Amino acid sequence: MRATLERRAATVTVDAWARLDFLVSRPELGHLCRSADGALDAEAVRAALPGLSARAARRVLDRCRVLGLVDAHGSLTSLGREAAETDRVPAPEQGVYRIAFVDEPPLRRCILHVERLRPDEARAAGEGDRDLAERFRPETQGPFPSVAQQGRSVVFRDWKPNTVHKSDQGEVRFRVHADFDADTVDLQVYGRLAMNGLSRDCADPGRRVELDLDAVRRDWAGRVLPGRWRDGRLAVSWAAVERGDWGGSARDGFTGRRAGGQAPLFAGMDWVLVTVDDVPLAPESAGDALAWARARFLATVAEQAWLPWPEVAARHAELVAGSPLEPFAPPPPSFAELVDALQAAEGGPPWKLLAAVDLAPRPWTPEELAGEASVVVAPDRLQFRYGERRSLRELVEALFGPALRFAEDGGARLLVVDRYVRGHDNLANFEALLRCLPEGARVDVVTDPEDDRARLEALLGGGRWWSYRSFFGRDRRQQPHDRYLVLDADGEVVAWQLSNPILDGRPVAGEPAADPDRELVWRDLMALRLEPEELPPAVRRWLNGGAR
């Protein structure tokens, strides 16, 4: 989240006799500070500046202390580090100056600009309120960059203030850029600075200031940003998103934008909120999540020419997975709801959906079309809807139950065709799958294990594995996209084609583990029963006892 805010800044000028240092370029002292490695002594000076005598080196070190580049122990000060970076070091001056200050947080008592006066100019101004002038004594030495003269910076040493001037001429403003993700706040002074009867354009390069952005984020919730923070996101209503209150990227990007109004910032003072961008958004309630998900889904299928019913749940799951909608698990629309929504959006019958259902090779049950069945188990079809919670043992039982239960010891062999039998999480689930099988069952795998070959071979034991290229051939057009599970249990063949991996489930909580009875959360999973002759030729060869 990023915010830009502005505010007019109250300024004063003070006439004073002062001791100031103006930063000037001294490359040799910058080189000396860079070579100090955090501290300077006479030997370090002689090493950095060859040819100096020991006495001359001590004088240089003393001069560095006077200029404030090092402290009494020889350690680099902030001015020394500045010199190491920029080659600019303090050049002491004293005289009568007119010094412009800003008189508001976050730069209270901060010098904006300095101009030298003639002594008679300062005396002509008369005696002022010295107690008032003392209020503006800088709290730090600086350096303070001039906002009216680019490249000029001053270090404050001491002063005897005389007169305070307050003028409404000119207009100096603060602009703040706050990056809540990077936890940085940059402030710039801009506008026009009135001084000595002249108005100067401000050319401030900007500076980093300290601010507790977590506290600001909490303070803005419900006031500047209507909503409440939950898990790092602002919970908002779908109605606000639909009205456009959060900008055009809110629906699909889950980030919002606000502009205008007032926002408290430093010391609780109100600032003009120019913009706040990339506000992370989430639905406020389950109802908001459902409406949000439906709107996103309808937008994605609006231009689709053909919409088979099995794709609806899968497409809906893809839109919800990994988004702020996921914790609410909004269900996909039922067939009737989708027909009504598409008809309202398109102004006519949604033939792309109606025809797809009418021409389906297998009729859909009323429960499936109503979207009421979270799990469909039929002789020729199995479906888990997105967010379904089942263990691997329950899934294996649904796919192979009777065939596995009545297979004799050593009489079952299983082929797993899936490119992703690899990775820590998937291999943990694969080990759990092996524990669902009867003792002595042989498991073969077609996959691309990459760096996990050794672990896969250890899990397979007496089974073997093939790469996709060695099993199906070098022509990638012959390598299937879908996954296959084929069981040969004493001659009884049970074959399934899967839309997603059987290893895709993830634990509800904690790390993945090789536990077949542990409850897992599934993405949308569709499995269709195949006859042996419907399998790819390479898989049929495996059934007949051979493979490439």
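1. In this predicted model, the second largest pocket has a lining of 21 residues, and those nearest its centre are Pro-143, Pro-145, Gly-206, Arg-207 and Arg-208. Two elements, β5 (144-145) and β10 (207-209), each give two or more residues to that lining, and β10 supplies the largest share, with 3 residues. The pocket holds about 460 Å³ of space, and its lining divides by class into 8 nonpolar, 7 polar and 6 charged residues.

2. The cavities deserve a separate point, and the structure holds 3 of them at 30 Å³ or more. The second largest cavity has about 50 Å³ of space, and its lining consists of Phe-22, Ile-111, Leu-112, His-113, Val-114, Phe-144, Pro-145, Ser-146, Arg-152, Ser-153 and Val-154. At least two residues of this lining come from each of β4 (110-116), β5 and β6 (153-165), with β4 giving the most, 4 residues. By class, the lining of the second largest cavity has 7 nonpolar residues, 3 polar residues and 1 charged residue. A reader comparing the two spaces may wish to look at Pro-145, which is among the residues nearest the centre of the second largest pocket and also lines the second largest cavity.

3. Ser-146, one of the residues lining the second largest cavity, is placed in the loop between β5 and β6. Is Ser-146 buried or exposed? Its relative accessibility is 7%, and because the cut-off for buried is under 20%, Ser-146 counts as buried. The C-alpha atoms of Ser-146 and Val-486 lie 77 Å apart in space, for a separation of 340 residues in sequence.

4. On the overall layout, the domain assignment divides the protein chain into domain 1 (2-26 + 87-209), domain 2 (27-85), domain 3 (213-284), domain 4 (287-369) and domain 5 (376-543). Domain 1 is thus listed as two segments, 2-26 and 87-209, while domain 2 is given as 27-85. Taken over C-alpha atoms, the centres of domain 2 and domain 5 are separated by 71 Å.

5. A further long separation involves Glu-93, a residue of strand β3 (residues 88-102). Glu-93 has a relative accessible area of 34% and is therefore partly exposed. From Glu-93 to Asp-488 there are 395 residues along the chain, and their C-alpha atoms are 95 Å apart.

6. Turning to aromatic contacts, the structure holds 11 aromatic pairs. In the pair formed by Trp-238 and Trp-292, the ring centres are 5.7 Å apart and the planes stand at 45°, so the pair is tilted. What does this pair tie together? Trp-238 belongs to helix α8 (residues 238-243) and Trp-292 to helix α10 (residues 286-301), so the pair ties together parts that are 54 residues apart in sequence. Trp-238 and Trp-292 are both buried. Elsewhere, one aromatic cluster is formed by Trp-466, Tyr-468, Phe-471 and Phe-472.

7. Aromatic rings also take part in two contacts with arginine side chains that merit inspection. The charged end of Arg-175 sits over the ring of Tyr-190, at 4.0 Å from the ring centre, and the charged end of Arg-258 sits over the ring of Trp-246, at 4.7 Å from the ring centre.

8. The last point concerns backbone angles, and the background is that most residues other than glycine have a negative phi. Asp-278, which is not a glycine, nevertheless has a positive phi of about 55°, and Asp-490, likewise not a glycine, also has a positive phi of about 55°. Where do these two residues lie? Asp-278 is in strand β15 (residues 270-283), whereas Asp-490 is in the loop between β22 (483-489) and β23 (492-498). With a relative accessibility of 36%, Asp-278 counts as partly exposed, and Asp-490, with a relative accessible area of 46%, is partly exposed as well.

Technical notes. Residues are numbered from 1 along each chain as its sequence is written. This is a predicted model: local features need pLDDT of at least 70, side-chain atom pairs count only at pLDDT 80 or more; totals for chains, interfaces and linings use all residues. Side-chain values use heavy atoms; hydrogens and water are left out. On a 1 Å grid over the protein atoms alone, a cavity is a set of points where a 1.4 Å probe fits but cannot get out, and a pocket is an open set with protein on both sides within 12 Å along at least five of seven lines; lining residues have an atom within 4 Å of a point. Grid points are joined across faces, edges and corners, and a volume is the space filled by probe spheres set on the points. Ala, Val, Leu, Ile, Met, Phe, Trp, Tyr, Cys and Pro count as nonpolar, Asp, Glu, Lys and Arg as charged, and the others, Gly among them, as polar. Rings of Phe, Tyr and Trp (its six-membered ring) pair if their centres lie within 6.5 Å; planes under 30 degrees apart count as stacked, over 60 as edge-to-face and the rest as tilted. Buried means under 20% relative accessible area, exposed over 50%, partly exposed in between (1.4 Å probe, protein chains only). A charge sits over a ring if NZ of Lys or CZ of Arg is within 6 Å of the ring centre and within 35 degrees of the ring normal. Domain bounds come from an automatic or database domain assignment.
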